[in-house]
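Thank you all for coming; I would like to walk slowly through one structure this morning, taking a helix to begin with and then two single residues. Please have the display in view while I talk.

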Amino acid sequence: MGSELICAHSFLVNSLSAPGRGEEDPDDPQTVQAMQIALHVPKIDPPVRTDLLAAAARAVVQVCLDPRAAESGSWHDALEQWYGHRIRKIARRARGAGWDGVQALPGCTATAGTAMARAFIPSAVGEVPHAISKLQIRGTDVPLEDDAPGDPGIPLIAIDTSLDMTAGKAAAQAGHGSMLLAAAMSSDAVAAWAAVGFPLQVREVPRKLFAELAAEPGAVAVQDSGFTEVAPGSTTVVALPGSYA
């Protein structure tokens, strides 16, 4: 596990720092690469919003640092294609049979408090498995709640509430934050984080506090391309490593 994790981490770091990465998109929209994320949102007792975002973020980083990312094969190839383009994620609502039906597809399921989410290995938009594509993109929203104080030792993904993102959009941005945070960490820090299951916390915070967090040492910012909901170049997420700096 140790050497595979180091290789998967190196693959992530080197891919995201490659010259010219993500500068061009395919001419055919159906070949655009994206990671699909299924958010478990049952009708009865839906999850706490920040738990749902944290589960999505954990699932994404688990896919990126899975041992299979370090080996030749479909998992590695899917990530390689995705890393080479603009990083896109699409969050969908899953419940009941729809949630059960995607568990066998290649990916990682993560839990956080009241919530579960599953991130899948990326693919071209036109090649998304039917069990995933039939899940609704709309209907992912769950209401904001009063945030409890966080644990300063656990990696934090802070989201700017002034952008008024839906839960689906925020989940995709949180996932982007977790993978960029992992890429910014040393291999030793990532190994320590992985050893305890990639714990992290998500907090949706006012613009003033968001700006303060962005100025902290080790902060990693996510700037959105502006395809949906927010203006191009908006800083949506700031990720901080906690005790894993």
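Let me begin with helix α7, where the face turned away from the buried side carries the exposed residues Asp188 and Ala195. Please keep in mind throughout that this is a predicted model.

Which residues of α7, which runs over residues 187-195, are buried? They are Ala189, Val190, Trp193 and Ala194, and, when one looks down the axis of α7, these buried residues fall within an arc of 130°, so they line one face of the helix. As for what covers the buried residues of α7, the cover includes α1 (2-16), α2 (49-64) and α6 (167-184). Just after α7, we come to Gly197, which takes a positive phi of about 85°.

Now to the two single residues. Lys89 belongs to strand β2, residues 89-94, and Lys89 is buried and yet has no salt bridge, since the nearest side chain of opposite charge, that of Asp224, is 8.9 Å away. Leaving aside neighbours within four places in sequence, what Lys89 does contact is Met35, Ile37, Val60, Trp82, Ala172, Gly175, His176 and Met179.

The other residue is His76, which lies in helix α3, residues 74-83. Is His76 buried or exposed? Its relative accessibility is 18%, and because buried means under 20%, His76 counts as buried. With its neighbours within four places in sequence again left aside, His76 is in contact with Phe11, Arg68, Ala69 and Glu71.

That is where I will stop, and I am glad to take questions.

Notes. Residues are numbered from 1 along each chain as its sequence is written. This is a predicted model: local features need pLDDT of at least 70, side-chain atom pairs count only at pLDDT 80 or more; totals for chains, interfaces and linings use all residues. Side-chain values use heavy atoms; hydrogens and water are left out. Helices (H or I, at least four residues) and strands (E, at least two) are DSSP runs, numbered from the N terminus. Buried means under 20% relative accessible area, exposed over 50%, partly exposed in between (1.4 Å probe, protein chains only). Contact means heavy atoms within 4.5 Å. Lys and Arg count as positive and Asp and Glu as negative; His and the chain ends are not counted. A salt bridge is a side-chain nitrogen of Lys or Arg within 4 Å of a carboxyl oxygen of Asp or Glu. The arc is that of the directions from the helix axis to the C-beta atoms.
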